[in-house]
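User: Could you take a close look at one part of this model for me? I'd like to know what sits around one particular spot, and then how the salt bridges and the rest of the chain fit in.

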There are 6 protein chains.
Amino acid sequence: MEFSHIDREGASRMVDVGEKATVRRIARASGRVTMDPQTVRLLREKALPKGDALNTARIAGVMAAKRTSELIPLCHGLNVTFVDVDFEVDDTGVGITAEARISDRTGVEMEALTAVSVAALTLYDMCKAVDKGMTIEGVRLVEKRKEG
Amino acid sequence: MEFSHIDREGASRMVDVGEKATVRRIARASGRVTMDPQTVRLLREKALPKGDALNTARIAGVMAAKRTSELIPLCHGLNVTFVDVDFEVDDTGVGITAEARISDRTGVEMEALTAVSVAALTLYDMCKAVDKGMTIEGVRLVEKRKEG
Amino acid sequence: MEFSHIDREGASRMVDVGEKATVRRIARASGRVTMDPQTVRLLREKALPKGDALNTARIAGVMAAKRTSELIPLCHGLNVTFVDVDFEVDDTGVGITAEARISDRTGVEMEALTAVSVAALTLYDMCKAVDKGMTIEGVRLVEKRKEG
Amino acid sequence: MEFSHIDREGASRMVDVGEKATVRRIARASGRVTMDPQTVRLLREKALPKGDALNTARIAGVMAAKRTSELIPLCHGLNVTFVDVDFEVDDTGVGITAEARISDRTGVEMEALTAVSVAALTLYDMCKAVDKGMTIEGVRLVEKRKEG
Amino acid sequence: MEFSHIDREGASRMVDVGEKATVRRIARASGRVTMDPQTVRLLREKALPKGDALNTARIAGVMAAKRTSELIPLCHGLNVTFVDVDFEVDDTGVGITAEARISDRTGVEMEALTAVSVAALTLYDMCKAVDKGMTIEGVRLVEKRKEG
Amino acid sequence: MEFSHIDREGASRMVDVGEKATVRRIARASGRVTMDPQTVRLLREKALPKGDALNTARIAGVMAAKRTSELIPLCHGLNVTFVDVDFEVDDTGVGITAEARISDRTGVEMEALTAVSVAALTLYDMCKAVDKGMTIEGVRLVEKRKEG
């Protein structure tokens, strides 16, 4: 009988964080949705057909950060102690910053990046009736540190 | 007694798609994760610590597309008939394309964009042990059409 | 050998809606969170520690309505075509109304009631730092009808 | 170029619980579904079309408590060490009590209130074929304390 | 510049069901949890530490069937019109049968198999305090047909 | 007025793990999907219509393990520090092993068993176009221990 042990090289695998120290960890990420200036005007005046884009995107980003491990296959489930999403609007789009904090064995950069990405997707959804050319740019980690 | 009807102007609201036609709808989106050339080499050789980045990202993108309406507050729940995620690797990163199809009352661009974004976040997670400077760029809608 | 067919009397079971007609169905539900007048003042001025209670509760209600079948064991999964949550603030609390619409084989009253309940729980969460005596009252179906 | 920093006043934000002490925390909540006496009779005899309402509602309440942070936007994810839902049936309805316990940095009142609310919604769903006039009343926190 | 189109051979991909006919589809699956006769006695007497195993397992199976597409990566999201889980207890274990029905473009065998598997896992969880040797056996499709 | 306290005997209830020690806990489970030899050949050659079955099943198993408490009604929510799924292919099927680790108050056997079950269901889904007679067999706990 032919037998083949499946070679584990290349197979996806989670990292075991059981031996890592439980310390306070903080991560910040940022990104940007570029928009037509007319779209920015409607967003500022809360005159978009679907309503207040920034507040809806902020809540979506926070909620998505809490569910990061359901979206990213090899991410550990984490109970963040804090997530926040912030926006800066200029004439050609919206800058997004997110911060996540935790006291656990592994970092929260994926939570911060997920918050930015889902906030960006939500801005896109809120504005897409009036703007077909938006782009999500520059989603990246800005800072990652441990405390204490 | 003081009474205040909360002004609905600016309040987030879902669009009623009940009157729209059920037709076949297709959307394609794309994006890119920029990486260090050394990271790309490890990814190509399936030598990353977490294993095969592309296959894991493809599955994550498809699964996220099916749950788009849980992530984006005012998106309608949709049962897509097809989602696919594809990659193109060059020396400085990975290009991502996603396509979503449906026969329903509303478009699937948010499903395609969510597939790209979560595939990109997953690539980031698979590579972040060896590359601290990746960026997700140019997430946008490439095509949207109806058929039949 | 002893054999016992488990008596199905009393066992929970889903209703088969496969033979029901696909028509447009609408349901409206309402409820109320009673609050201390001082809490209402802070809510009106958006001065609560957790921020804008009404907008957050509206989004939470809409998102919960879309996931009703995950919460209520024997509810059918439904893709609503519209959900909306509205508020009316008076001196002693917040009235909540929700409407859900669908074109499917079964009614959407549970979606409307879930939207009201989760919006109420969210108002509670947003205000609980300043008010320990809130109560959720009168959650009920207001209207249910078919169209076309 | 015009620049506008979005004023954070009023924006929804999560509370950072990273500095709070990890202690044992307990919360109890209660509520009530009012029913027609004939509905109560069918419920007591487990003769409702959808089967055993109380057991189904108990399980739904426990499962919802575990997912509270997915429903309530600014709630922290928590791994409860215990949740229980209990019922008291009288001639005109069903009283519901829920208790949640945890050893963590923040309280579990939203988990207890969510358990009561979703158990109530499930009772409503189990009985709605025979009773169109039910109401969910008096959902409130009964007790909240720390131990040790 | 080196360029590599990632070969799609072997890559996971969803089947496009957009062209399939919307007909009534039914699937039935079965399986079995083998138990120590003493465990079966406690289960029959509803004397297990965690309470009524069968009812809890039935509800878990129905709820899991509704979320099949979240668990199985390439499964299509489907709104089943009916799911039911049934048990047959004998001296050495519990037989499980599940049926799922739908009117859609693709079959429901994965929904029926998921209902059986999660009902079996739940029986395991309900009994594991008193029985360390249970096994889940023979999970398979029993029937699959179209109607109309 | 007639009053009935619902007898709690038999009612499902969660175990309170608040007093248990936080120690490192490990569980391993296994199972098997029996297949036609021709199906195994296609799986080995990654020539199945839906693509690479093993990698997709591995990821599905890991992701399901993280969501065990959403599927099994009375399971505690746990943040596992590690989950892994492994396969062994022979001429008549695929053997599956899963391991889960945690530092918490309660064991992870349900997480390991859920990983095996959902990996098995995913293999079934990936192969069902070419094999109608597969069976999931022998899902059981192989090892459970505490460390430190």
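Which residues does F:Thr81 touch, leaving out those up to four places away in sequence? And is F:Thr81 buried or exposed?

Analyst: In this predicted model, F:Thr81 has neighbours from chain A and from chain F. On the chain A side, F:Thr81 touches A:Val15, A:Asp16, A:Val17 and A:Gly18, plus A:His76 and A:Arg105. From chain F, the partners are F:Arg24, F:Arg101, F:Ile102 and F:Ser103. That list leaves out residues up to four places away in sequence. F:Thr81 itself belongs to the loop between helix H3 (68–71) and strand S3 (82–90) of chain F. As for your second question, F:Thr81 is buried: its relative accessible area is 5%, and the cut-off for buried is under 20%.

Now for the salt bridges. Side chains of opposite charge can pair when their charged atoms come close. Searching the whole structure turns up 108 of these bridges over all chains. Let's start with one inside chain A: A:Arg44 and A:Asp91 meet through their side chains, 3.5 Å from N to O. A:Arg44 sits in helix H1 (residues 37–44), while A:Asp91 is in the loop between strand S3 (82–90) and strand S4 (93–104), so this pair ties together parts of chain A that are 47 residues apart in sequence. Both ends are partly exposed, with A:Arg44 at 25% relative accessibility and A:Asp91 at 24%.

Another bridge goes from chain to chain. E:Arg24 pairs with C:Glu19, and their closest N and O atoms are 3.6 Å apart. E:Arg24 lies in strand S2 (residues 23–34) of chain E and C:Glu19 in the loop between strand S1 (3–5) and strand S2 (23–34) of chain C, so the bridge joins two chains. Its two ends fall into different classes: E:Arg24 is buried at 12% relative accessible area, whereas C:Glu19 is exposed at 65%.

Back within a single chain, E:Asp52 and E:Lys46 form a salt bridge of 3.3 Å, N to O. Here E:Asp52 is buried, with just 7% relative accessibility, and E:Lys46 is partly exposed at 42%. There's also a network built from salt bridges that share partners. It links A:Arg67, B:Arg67, C:Arg67, D:Arg67, E:Arg67 and F:Arg67 with A:Glu70, B:Glu70, C:Glu70, D:Glu70, E:Glu70 and F:Glu70.

Not every pair of chains meets, though. Chains B and D share no contact, and their closest C-alpha atoms are 10 Å apart. Chains C and F have no contact either, again with 10 Å between their closest C-alpha atoms.

To finish, here's chain A as a whole. It has four helices and five strands, which follow the order β-β-α-α-α-β-β-α-β from the N terminus. Its radius of gyration is 19 Å, where a compact globule of 148 residues would have one near 15 Å. The C-alpha atoms fill a box of roughly 65 × 50 × 20 Å along the principal axes. Even so, 70% of the 148 residues in chain A are buried. Of the contacts in chain A between residues at least 6 apart in sequence, 77% join residues at least 24 apart. Carbon and sulfur atoms account for 48% of an accessible surface of about 4900 Å². As for charge, chain A carries 22 positive and 23 negative ones, and their mean positions are 3 Å apart.

How values were computed: Residues numbered from 1 in each chain as written. Chains lettered and ligands numbered in written order. Predicted model: local features only at pLDDT ≥ 70, side-chain atom pairs only at ≥ 80, totals over all residues. Heavy atoms only, no water. Rg over C-alpha atoms; globule rule 2.2 N^0.38 Å. Buried < 20%, exposed > 50% of the residue type's maximum accessible area, 1.4 Å probe, protein only. Contact = heavy atoms within 4.5 Å. Areas by Shrake-Rupley, 256 points an atom, 1.4 Å probe, with all protein chains shown as cover. Lys, Arg positive; Asp, Glu negative; His and termini not counted. Charge placed at Lys NZ, Arg CZ, Asp CG, Glu CD. Salt bridge = Lys/Arg side-chain N within 4 Å of Asp/Glu carboxyl O.
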